[in-house]
Amino acid sequence: MAVTYKETAEGTDPEEIADVLRIAFGRGENAFRSVKEVFENSSLVVFAYDGSRLIGAGRALSDGYDWAGIYDVGLLPEYQGKGIGRELIRHLTDRLKGQHVFLCSVPEKVSLFEHLGFHRSKTAFTYVGGSVKDGFFLPEGYRFEEEFYPRKPFIDNGNTEKKTKVGEITYKESPEGIDYSRVNAVLSKAFGGHERDELKTKDAFERSQKVEYAFADGELVGVARAVTDGKEQAIILNVAVDPAYQGFKIGWNIVAKLAARLDGYNIFLNTHPGAVGFYNRPGFRRNRTAMCYDPVQMPEEVAKGFELPVGFRFPDEY
Ligand SMILES: CC(C)(COP(=O)(O)OP(=O)(O)OC[C@H]1O[C@@H](n2cnc3c(N)ncnc32)[C@H](O)[C@@H]1OP(=O)(O)O)[C@@H](O)C(=O)NCCC(=O)NCCS
């Protein structure tokens with residue numbers, strides 16, 4: 001059997017893709033109805049063929065710089081266990097080198113992804129609103145025995161005078177007239193004062209399908225963005241409030257507004273251990289099986305805030 005791989009959807013029948021995914025995931029005929037649209041709107045796709053027969057597929061969303069999510073990797077059952085699934089993933093991760101790549105595994109495939117170099121994330125959340133899929137989430141407000149940064153604040157770089165009160169706060173969901181040097185400055189200050197590339201920031205926000213900005217007295221003080229496939233999957237990124245303006249519900253309002261605009265999507269995010277407490281409340285649930293492929297090995301002390309040790313299993317997973 002000579003399996004070949006293709007990294008374009010050109011010439012691939014969407015109905016065939018949907019059939020392969022339905023069989024691979026054991027889903028009914030109503031599943032994967034939007035396959036044409038979501039594969040077209042994905043940053044990367046991959047297909048596996050046995051001769052001319054489509055046997056497997058996968059796709060990824062990426063912001064083109066730092067963050068990516070892998071979705072819908074499926075393989076016909078008779079081809080499983082032969083290293084083809086691993087190749088499908090590799091075709092995606094190879095092209096996402098240097099980015100943090102996330103995926104939400106089905107519980108029984110966690111070991112496989114660990115084997116491929118993924119770690120279980122401790123800091124991944126899904127905005128569930130009201131309803132949740134059993135098995136994929138931890139109970140509301142769940143805390144691990146050890147949280148790396150048990151309390152806020154994560155950021156206090158000492159260069160900002162904290163406001164004791166703020167005037168009118170307004171929100172904007174359009175990129176029109178946005179000063180990207182200010183967006184860059186908000187991100188830099190919120191994430192520890194590191195220098196950031198303004199052009200990259202501008203491009204990343206411009207490529208994002210949804211953006212949300214907050215202004216206090218006319219000044220831009222809060223930002224967030226989301227990359228989406230236009231239909232099913234969304235990743236919220238770069239949620240940040242200028243440290244001088246933190247603690248006024250600006251961050252929560254930005255996220256709530258973005259989530260409301262993403263109604264119907266599976267809304268994923270992976271946060272910093274210092275912001276786990278911010279998301280760990282009604283509306284969000286921690287993912288049980290989110291896995292991350294990190295671009296660089298973090299020092300052990302840092303990694304333990306973001307990741308579970310390799311081989312970690314929840315009691316009911318044994
Ligand atoms: C996380 C962040 C966006 C929150 O913005 P904010 O405007 O200060 O937060 P809000 O005022 O909306 O806080 C809402 C609630 O979350 C709590 N909260 C805020 N930050 C928190 C944190 N880091 N840990 C625990 N709880 C937090 C607040 O106390 C408040 O609780 P309350 O409703 O019980 O009063 C902001 O602190 C920030 O930019 N942090 C640095 C960047 C970062 O880590 N971003 C998240 C990456 S995805």
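C104 stands opposite A290 in strand β14, and that pair is a handy place to begin a walk through this predicted model. The two strands involved are β5 (residues 100–104) and β14 (residues 290–293), which pair in the antiparallel sense over four bridges. Another facing pair here is F102 and C292 of β14.

**The sheet around β5**

What lies on the other side of β5? There, β4 runs parallel to β5, joined by three bridges. F102 turns up again here, as the bridge partner of G69. As a reminder, strands of a sheet pair through backbone hydrogen bonds, either parallel or antiparallel.

Now zoom out. Seven strands form an open sheet with mixed pairing, in the order β1-β2-β3-β4-β5-β14-β6. The edges are β1 (3–6) and β6 (119–120), each of which pairs on one side only. Strand β5 is mostly covered, with four of its five residues buried.

**Helices on this sheet**

Helix α3 (residues 84–93) packs on the sheet and touches β1, β2 (44–50), β3, β4, β5 and β14. Its direction makes about 155° with that of β4. Which residues of α3 are buried? They are G85, L88, I89, H91, L92 and T93, and their cover includes β1, β2, β3, β4, β5 and β14. An α-helix has 3.6 residues a turn, so residues three or four places apart point the same way. Together, β4, α3 and β5 make a right-handed β-α-β unit.

Helix α1 (residues 14–25) lies across β3 (53–62) and β4 (67–75), and runs at about 90° to β3.

One residue of this region deserves a closer look. L44 is found in strand β2. Is L44 buried or partly exposed? The answer is partly exposed, because 19 other C-beta atoms lie within 10 Å, while a buried residue needs 20 or more. Leaving aside residues up to four places away in sequence, L44 touches R59, A60, S62, L92 and R95. L92 is also one of the buried residues of α3. As for W67, it sits 23 residues from L44 along the chain, and the C-alpha atoms of the two are separated by 13 Å.

**A second sheet**

The model has another open sheet of seven strands, again with mixed pairing, in the order β8-β9-β10-β11-β12-β7-β13. Its edge strands are β8 (169–172) and β13 (284–286), each pairing on one side only. From one strand to the next, the twist averages 25°.

Here are some of the strand pairs in this sheet:

| Strand pair | Sense | Bridges | Residues facing each other |
|---|---|---|---|
| β8 and β9 (residues 210–216) | antiparallel | four bridges | K172 and Y213 |
| β7 (residues 124–127) and β12 | antiparallel | four bridges | F125 and L269 |
| β11 (residues 233–241) and β12 | parallel | three bridges | I235 and F268 |

Strand β12 (residues 266–270) appears in two of these rows, pairing with β7 and with β11. Four of the five residues of β12 are buried, so the strand is largely enclosed by the rest of the structure. Helix α7 (residues 250–261) also belongs to this part of the story, since β11, α7 and β12 make a right-handed β-α-β unit.

**Two helices that cross**

Helix α5 (residues 180–190) lies across β10 (219–228) and β11, running at about 90° to β10. How do α5 and helix α6 (residues 198–207) meet? Two packed helices are described by the angle between their axes and the distance between the axes. The axes of α5 and α6 come within 9 Å and cross at roughly 100°. The two helices are therefore roughly perpendicular to each other.

At the contact, Y180, S181, V183, N184 and L187 of α5 meet E198, T201, K202 and F205 of α6. These residues divide into four nonpolar, three polar and two charged.

The buried residues of α5 are V183, N184, V186, L187, K189 and A190. What covers them? The cover includes α6, β10 and β11. Notice that V183, N184 and L187 are buried and also take part in the contact with α6. Just after α5, G192 takes a positive phi of about 95°.

Note on methods
Residues are numbered from 1 along each chain as its sequence is written. This is a predicted model: local features need pLDDT of at least 70, side-chain atom pairs count only at pLDDT 80 or more; totals for chains, interfaces and linings use all residues. Two strands pair if DSSP finds at least two bridges between them. Two residues are in contact if their C-beta atoms, placed from the backbone, lie within 7 Å. Axes are lines fitted to C-alpha atoms, for helices over the stretch in contact, and angles run from 0 to 180 degrees between N-to-C directions. A residue is buried if 20 or more other C-beta atoms lie within 10 Å of its own, exposed if 12 or fewer, and partly exposed in between; C-beta atoms are placed from the backbone. A crossover is right-handed if, with the strands pointing away from the viewer, the path from the first strand over the helix to the second runs clockwise. Angles under 35 degrees count as roughly parallel, over 145 as roughly antiparallel, 65 to 115 as roughly perpendicular and the rest as oblique. Ala, Val, Leu, Ile, Met, Phe, Trp, Tyr, Cys and Pro count as nonpolar, Asp, Glu, Lys and Arg as charged, and the others, Gly among them, as polar.
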